[in-house]
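Let's take a walk through a protein model together. Have the sequence and the 3D view open, and we will go one region at a time.

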Amino acid sequence: MKDLLQISTSTIGAENVNSVNARDIHTYLEVKTSFSHWIKRAIEKYDFEESIDFVKIDKPQNNQKDYIVTLDMAKEL
């Protein structure tokens, strides 16, 4: 069976955990709201914490941020 989302291992906080890119979740769910608004609202709504539930990765070349999230956070999204 093919995975719906690519799962990788990332360091979040001091732990290596299974994770996914939140942009992939946004695309898969076909959310109409822009990614930046959607992720910020979700973080606030569910009280997710940086370095525990997710890490931000700046992408200065296109002025974006990626969010790598734990599988537990991905399930909530």
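What follows covers one helix, some of its neighbours, two loop residues and a pocket.

## About the model

This is a predicted model, in which local features need pLDDT of at least 70 and side-chain atom pairs count only at pLDDT 80 or more, while totals for chains, interfaces and linings use all residues. Residues are numbered from 1 along each chain as its sequence is written, and side-chain values use heavy atoms, with hydrogens and water left out.

## Helix α2 and its two sides

Let's start with helix α2, which has 12 residues, 35–46. Helices here are DSSP runs of H or I with at least four residues, strands are runs of E with at least two, and both are numbered from the N terminus. The expected span of a helix is 1.5 Å times one less than its number of residues. For α2 that gives 16 Å, and the end C-alpha atoms are 16 Å apart, so the two agree.

Which residues of α2 are buried? They are Phe-35, Trp-38, Ile-39, Ala-42 and Ile-43, where buried means under 20% relative accessible area, exposed means over 50% and partly exposed lies in between (1.4 Å probe, protein chains only). These buried residues cover an arc of only 130° around the axis, so they sit on the same side of α2; the arc is that of the directions from the helix axis to the C-beta atoms. As a reminder, an α-helix has 3.6 residues a turn, so residues three or four places apart point the same way. On the other side of α2, His-37, Lys-40, Glu-44 and Lys-45 are exposed. The cover over the buried residues of α2 includes α1, β3 (54–59), β4 (64–70) and α3.

## Aromatic residues on the buried side

Phe-35 belongs to helix α2 and is buried, with a relative accessible area of 8%. Contact means heavy atoms within 4.5 Å, and beyond residues up to four places away in sequence, Phe-35 touches Ala-22, Arg-23, His-26, Lys-65 and Tyr-67. The C-alpha atoms of Phe-35 and Ala-22 are separated by 8.7 Å, though the two residues are 13 apart along the chain.

Trp-38, also found in helix α2, is buried at 10% relative accessible area. Leaving aside neighbours within four places in sequence, Trp-38 is in contact with Ala-22, Ile-25, His-26, Leu-29, Val-31, Thr-33 and Leu-77. In sequence Trp-38 and Leu-77 are 39 residues apart; in space they are 9.8 Å apart, C-alpha to C-alpha.

## Partners in α1 and β4

Is His-26 buried or exposed? With 12% relative accessibility, His-26 counts as buried, and its place is in helix α1. Not counting residues up to four places away in sequence, His-26 touches Val-31, Thr-33, Ser-34, Phe-35 and Trp-38.

Tyr-67 is in strand β4 and counts as buried, at 6% relative accessibility. Outside residues up to four places away in sequence, the contacts of Tyr-67 include Phe-35, Ile-39 and Ile-43, and also Val-20, Asn-21 and Ala-22. Tyr-67 and Ile-57 are 10 residues apart along the chain, with 6.3 Å between their C-alpha atoms.

## Two positive phi values

Now for the loop between α2 and β3, home to Asp-47 and Ser-51. Most residues other than glycine have a negative phi. Just after α2, however, Asp-47 takes a positive phi of about 55°, and phi of Ser-51 is near 75°, again a positive value in a residue other than glycine. Asp-47 counts as exposed at 62% relative accessibility, whereas Ser-51 is partly exposed, with a relative accessible area of 41%.

## The largest pocket

The largest pocket holds about 210 Å³ of space. Of the 11 residues that line the largest pocket, the closest to its centre are Leu-4, Leu-5, Val-20, Leu-71 and Ala-74. The elements that give two or more residues to this lining are α1 (22–28) and α3 (71–76), and α3 provides the largest share, 3 residues. On a 1 Å grid over the protein atoms alone, a pocket is an open set of points where a 1.4 Å probe fits, with protein on both sides within 12 Å along at least five of seven lines, and lining residues have an atom within 4 Å of a point. Grid points are joined across faces, edges and corners, and the volume is the space filled by probe spheres set on the points.

What is the lining of the largest pocket made of: nonpolar, polar or charged residues? It divides into 9 nonpolar, no polar and 2 charged. Here Ala, Val, Leu, Ile, Met, Phe, Trp, Tyr, Cys and Pro count as nonpolar, Asp, Glu, Lys and Arg as charged, and the others, Gly among them, as polar.
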